[in-house]
Amino acid sequence: MSRALNENNRGYFHPGRLGFRSYMTNIYNPIYVPSDWVNTGGLPRSNDLHAFSDLLATSVAISDTLSFAEDRFQLTVGGRYQEMRVRGYNTRPGAVPLGQQTYYYEEGRFSPAVAALVNVTDSFSVYGNYVEALTEGPSAPSNALNSDQIFPPVVSKQKEIGFKYDLGEVMLGAALFEIRQPNGLTTGGVFAVDGLQVNRGIELSAYGEPVDGVRLLGGITFMDAKLDKAENSRTGERFDGNRVPGVPTTAISLYGEYDTPWVEDLTLTGRLVYTGSTYYDQRNTQKVSDWTRVDLGARYSFERENAKPVEIRATVQNVFDENYWASSARGFLAAGAPRTFMVSTAFEF
């Protein structure tokens, strides 16, 4: 029997929701306007910005695992009770004061979970699971008429089957999954939760130490994310079968470490991230290009007096200074960070 308590409280700031006038442009060939083109009279200074929303999430989980036939068969049954408190605030100058609470949701739910595992051999196992979860509700994008609106928590449901094969030095895995969750649509300029988002895919993963001093961790996901029962209530236009905005068909993440033999306690690290193209809108007319990012780094560990460990890390993110736009299923676009240098040190006292 196991129990877990988790509490998470965070706030979200959206300076872009201040009602600035808009104009036509192109993210790959931007149009620049004079610095005095935007009238900021009456708008708050950056250090006076109010949070768009905040979230307090609390959960208690309980589970039990039953084993049969010398642990060849394992069945885990459990779930967790979740409570979410979501508050939304006005961030646009107008009749409603800035920072005034405009939305409030407080919901609780018990979400079941069940998983089964069969150890076919000592190195090969097959598993399946079904999990439900109460997740944060969507929020209206900045280009919607109700851009300050947030929505109640929603329930997502996930099914997964897969296998793991232990080769000794390397563990291989593969899984088929399906995730169903409510979807948000902008119809007639108004954003609302309407229809379903159905994500089906396959995930291939591998991790281990194939060669002494070389550790690898990586995976590739192929995703078929489609809209279902999605309709523009104003025009009757249906989006069933269209790709879900912000979800790529292919995503790759590879990470590796190498303990150098010429300098003791020096480890080189590297990461490659690839995200396939995505759509920005439900009609699938605005496409965001795929992108690849490479990060390189190193860490060095040593001991100071009294055998206290010290670790120094240096990382270069986006080594090739790739320009890209990251799209999210919430309807936002974010510019990828340029080449970034980071150095940090960890001490143990």
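Here is a short chat about salt bridges in this predicted model.

User: What makes arginine 72 and aspartate 122 a salt bridge?

Analyst: Their closest N and O atoms are 3.2 Å apart. The cut-off is within 4 Å for a side-chain nitrogen of Lys or Arg and a carboxyl oxygen of Asp or Glu, so the pair qualifies.

User: Which parts does that pair tie together?

Analyst: Arginine 72 sits in the loop between β2 (53-68) and β3 (73-89), while aspartate 122 sits in the loop between β4 (101-119) and β5 (124-135), so the bridge ties together parts that are 50 residues apart in sequence.

User: Why is aspartate 122 called exposed, and what is arginine 72 called?

Analyst: Aspartate 122 has a relative accessible area of 76%, and exposed means over 50%, so the label fits. Arginine 72 comes in at 30%, which is between the 20% and 50% limits, so it's partly exposed.

User: How do you know that lysine 226 and aspartate 224 meet in a salt bridge?

Analyst: The N to O distance is 3.4 Å, and the limit is 4 Å, so that pair counts too. Lysine 226 has a relative accessible area of 32% and aspartate 224 has 38%, so both are partly exposed.

User: Aspartate 295 and arginine 293: buried or exposed?

Analyst: Both are buried, which means each has under 20% relative accessible area. Their side chains meet in a salt bridge at 2.9 Å, N to O.

User: How many salt bridges does the structure hold, and which residues are linked in a network?

Analyst: There are 14 salt bridges. The network links Glu209, Arg215, Glu257, Asp259, Arg299, Glu311 and Arg313.

Conventions. Residues are numbered from 1 along each chain as its sequence is written. This is a predicted model: local features need pLDDT of at least 70, side-chain atom pairs count only at pLDDT 80 or more; totals for chains, interfaces and linings use all residues. Side-chain values use heavy atoms; hydrogens and water are left out. Helices (H or I, at least four residues) and strands (E, at least two) are DSSP runs, numbered from the N terminus. Buried means under 20% relative accessible area, exposed over 50%, partly exposed in between (1.4 Å probe, protein chains only).
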